[in-house]
Amino acid sequence: MSKSITFKVNPGGSLQGEARVPGDKSISHRSIMLGSLADGVTHVKGFLEAEDALATLQAFRDMGVKIEGPVNGELTIHGVGKHGLKAPEKELYLGNSGTSMRLLSGLLAGQAFDSVLTGDKSLSGRPMKRVTEPLKTMGAEIKTTEKGTAPLYITGKAGQLQGIDYTMPMASAQVKSCLLLAGMYAQGETSVTEPAPTRDHTERMLSGFNYPVNKEGNKVTVNANGKLTASEIDVPSDISSAAFFLVGASIAPGSDLLLKHVGINPTRTGVIDILKLMGANIEVLNERIVGGEPVADLHVTYSRLKGIDIPEELVPLAIDEFPVLFVAAACAEGQTRLTGAEELRVKESDRIQVMADGLKILSVNAEPTPDGMVIQGGNPIGGGTVESHGDHRIAMAFSIAGLRANAPITILDCLNVNTSFPEFKDLVKRLGLDISVMEA
């Protein structure tokens with residue numbers, strides 16, 4: 001039996017002090033993937049030692065890559081070169097990690113061996129056709145369930161993939177990255193055009209490993225005529241993890257918080273832009289570039305937020321942060337309206353429905369729509385028992401709501417917080433939230 005974890009949050013408190021949240025999950029995944037395919041030895045600092053990124057690490061070990069660590073976030077990857085991966089002896093189990101599954105499907109489509117990708121119950125329910133369909137137009141052979149979900153059975157087509165010019169129907173960094181990785185093994189050029197900007201960590205890191213990438217406007221192009229050269233990577237703190245603290249300090253009177261070394265890649269800073277539009281007091285300090293990625297310290301203090309219509313162009317730049325942004329909206333005076341975010345319905349849970357259900361239990365006026373939510377904020381947040389549906393970001397978002405609640409909040413099914421932020425409960429407690437954890 002796998003254990004269950006319940007969070008119990010007592011109302012009130014504020015967030016004070018300084019902290020460095022764990023390393024960026026997106027960059028941690030990609031450091032393993034590209035470091036493994038590089039020629040030479042890659043050193044990584046700040047690696048996120050959480051289940052999702054560790055699933056990627058184990059998959060590459062299963063394909064013959066020697067990886068030392070992680071010890072205190074440090075890794076040494078002995079790259080095998082672009083064509084050096086070996087056939088895994090068993091299925092590659094990726095736990096809860098959609099990033100691992102979607103990116104690896106592109107990478108493995110062009111290998112000289114067959115592979116099978118599996119995941120936990122949540123991952124096995126997530127849609128994979130958005131990557132398998134365009135991969136098939138490149139000549140990939142991938143079988144899914146009838147519903148288009150995992151397990152994925154991939155027949156290696158080394159030397160047989162053809163480059164495509166693909167216009168994505170909806171913005172998704174995972175689909176873009178998947179096709180670019182496949183394009184490294186395809187004949188001719190592979191181009192991906194996105195309808196709106198999404199996180200560009202794959203392109204930046206490919207360039208950091210000296211792999212040729214051509215970017216023109218919203219179109220990215222790669223081909224197979226390149227190789228990856230080992231690199232040094234210092235992973236910045238994950239802005240998606242920092243978001244819980246940015247919102248918490250913004251909504252809790254008396255808060256004064258400094259978050260150190262946070263990645264502020266412009267394709268990821270939607271959460272800062274949205275909070276500032278709501279009236280949040282966030283200062284971006286000590287900006288610098290570390291390993292090709294922009295980094296800064298973020299100073300946030302309490303302010304009275306106001307409801308807004310969230311600009312649709314910011315939605316892809318904050319797609320993972322909306323669970324906690326809904327909590328900010330609940331605390332803001334007036335109405336907040338989100339549109340253009342239908343992708344939230346196919347994350348680890350249906351984040352629109354699950355957040356609306358939980359907010360209603362906490363006496364918040366929250367109405368889900370097909371592509372977003374309308375929240376009437378500014379009234380007291382109540383207590384109650386909410387269900388996270390095994391979604392790490394839902395569990396952490398409702399924890400933060402406790403800062404403004406007038407009664408205790410109990411959050412069920414919080415084990416998956418370990419997939420992205422195992423230290424969350426200890427760190428948020430040290431900074432001032434009254435949270436306790438019950439294991440069964």
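Here is a quick look at two spots in this structure: the residue S105 and strand 20. Keep in mind that this is a predicted model.

Let's start with S105. You'll find S105 in helix 3, which covers residues 98–109. Is S105 buried or exposed? Its relative accessible area is 0%, so S105 counts as buried, a label that applies under 20%.

What does S105 touch, once you set aside its neighbours within four places in sequence? The list is L117, V131, L135, I142, L152, I154 and C178. Take L117 as one of these contacts. S105 and L117 sit twelve residues apart along the sequence, and their C-alpha atoms are 7.9 Å apart in space.

Now hop over to strand 20, made up of residues 372–377. This strand is mostly covered, with five of its six residues buried. Strand 20 also has pairing partners, and here is how they line up:

| Partner of strand 20 | Residues | Direction | Bridges |
|---|---|---|---|
| Strand 18 | 334–338 | antiparallel | five bridges |
| Strand 19 | 365–369 | antiparallel | five bridges |

You can zoom in on single residue pairs too. On the strand 18 side, R337 stands opposite V374 of strand 20. On the strand 19 side, N365 has Q376 in strand 20 as its bridge partner.

How many residues lie between strand 19 and strand 20 in their hairpin? Just two residues separate strand 19 from strand 20 there.

One general point helps when you look at strands: in a regular strand, side chains alternate between the two faces of the sheet.

Terms used:
Residues numbered from 1 in each chain as written. Predicted model: local features only at pLDDT ≥ 70, side-chain atom pairs only at ≥ 80, totals over all residues. Heavy atoms only, no water. Helix = DSSP H or I, 4+ residues; strand = E, 2+ residues; numbered from the N terminus. Buried < 20%, exposed > 50% of the residue type's maximum accessible area, 1.4 Å probe, protein only. Contact = heavy atoms within 4.5 Å. Pairing = 2+ DSSP bridges.
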